[in-house]
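Good morning, colleagues. Please take a moment with the sequence and the structure, and then I shall walk through several parts of the model.

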Amino acid sequence: MMHKLTIVIALWCSKLQRASKLGLLVIIMLFAPIAIAGEGPWPSFMATTLNGEKVDSDKLIGQPTLLILTPSSDAAESTREWVNTLRSKIDQSKYRVRDVLAVDLPFFMSEEDVIGRAKEKVPKRYHDQTWILNSQIMEDALGVPADSEEAVIVVLDKNGNLVSQVHGKVTAARMSEISKALQSLASD
């Protein structure tokens with residue numbers, strides 16, 4: 001009898017644990033979009049352009065912006081595809097396009113080392129539009145793993161508020177989502 005009671009209690013605890021995890025997942029799914037696309041400007045950060053200029057996130061205010069976040073070196077190819085697609089399909093006189101390379105510098109590398117490597121890959125005409133960010137603030141704000149192999153496209157309004165985010169490969173559906181977000185800004 002005691003053995004059966006132990007089994008029943010263990011099963012009940014297991015179901016309770018699953019229900020708790022499911023409840024937590026539901027809460028996260030319901031409230032995460034509010035945290036990501038909530039009121040107020042994008043999180044503050046400092047970055048360095050490939051030209052060596054220090055830039056503040058305040059530079060993202062004043063004009064609608066598409067940020068292409070490269071969370072890891074493995075996301076470089078995805079970023080390249082997004083850069084080419086966005087620059088060919090987006091009116092850059094209306095929307096600013098910036099690439100943010102998020103790096104977690106190992107102790108043996110300096111920011112200058114990263115900038116030197118990036119300069120080898122990024123055309124010179126985009127050096128002022130490509131920023132090195134030695135912080136995980138953007139990945140944290142967007143819920144993107146720092147080792148993601150895919151770029152993240154973030155649409156910010158002219159006040160620096162997050163309007164939309166897309167994570168993954170370039171697809172017609174993702175481009176449509178970005179276009180809809182940009183069209184919503186036209187009425188501002």
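Ser179 counts as partly exposed, because its relative accessibility is 29%, and that value falls between the 20% and 50% cut-offs. Please bear in mind throughout that this is a predicted model. Ser179 is placed in helix α5, which covers residues 172-186.

Which positions may we relate to this serine in space? One of them is Val155: the two residues are 24 apart in sequence, and their C-alpha atoms lie 9.8 Å apart. Another is Lys89, which is 90 residues away from Ser179 along the chain, with a C-alpha separation of 9.4 Å. Lys89 belongs to helix α2. Is Lys89 buried or exposed? Its relative accessibility is 58%, and it therefore counts as exposed, the threshold for that class being over 50%.

Let me turn to strand β3, residues 65-70. This strand is mostly covered, with six of its six residues buried. Thr65, Leu67 and Leu69 point one way from β3, while Leu66, Ile68 and Thr70 point the other way, and all are buried.

How is β3 paired? With β4 it runs parallel, and six bridges join the two strands. Within that pairing, Ile68 has Asp99 of β4 as its bridge partner. Between these two strands the chain passes through α2, and the resulting β-α-β crossover is right-handed. β3 also pairs with strand β6, residues 152-156, here in the antiparallel sense and over five bridges. In this second pairing, the partner of Leu67 is Val154 of β6.

I come finally to the largest pocket. Its volume is about 870 Å³. How many residues line the largest pocket, and which lie nearest its centre? The lining comprises 32 residues, and those nearest the centre are Thr70, Ala76, Leu101, Ala118 and Lys121. The elements that contribute two or more residues to this lining are α2 (76-89), β4 (96-102), α3 (111-121) and β5 (130-133). The largest share, six residues, is supplied by α2. As to chemical class, the lining has 16 nonpolar, seven polar and nine charged residues.

To draw these parts together: helix α2 carries the exposed Lys89, forms the crossing from β3 to β4, and gives the largest share of the pocket lining. Thr70, for its part, is a buried residue of β3 and is among the residues nearest the centre of the largest pocket. Thank you for your attention.

Key: Residues numbered from 1 in each chain as written. Predicted model: local features only at pLDDT ≥ 70, side-chain atom pairs only at ≥ 80, totals over all residues. Heavy atoms only, no water. Helix = DSSP H or I, 4+ residues; strand = E, 2+ residues; numbered from the N terminus. Buried < 20%, exposed > 50% of the residue type's maximum accessible area, 1.4 Å probe, protein only. 1 Å grid on protein atoms, 1.4 Å probe; cavity = no way out; pocket = protein on both sides within 12 Å on 5 of 7 lines; lining within 4 Å. Points joined across faces, edges and corners; volume = space filled by probe spheres on them. Nonpolar A, V, L, I, M, F, W, Y, C, P; charged D, E, K, R; others polar. Pairing = 2+ DSSP bridges. Right-handed = clockwise from strand over helix to strand, strands pointing away.
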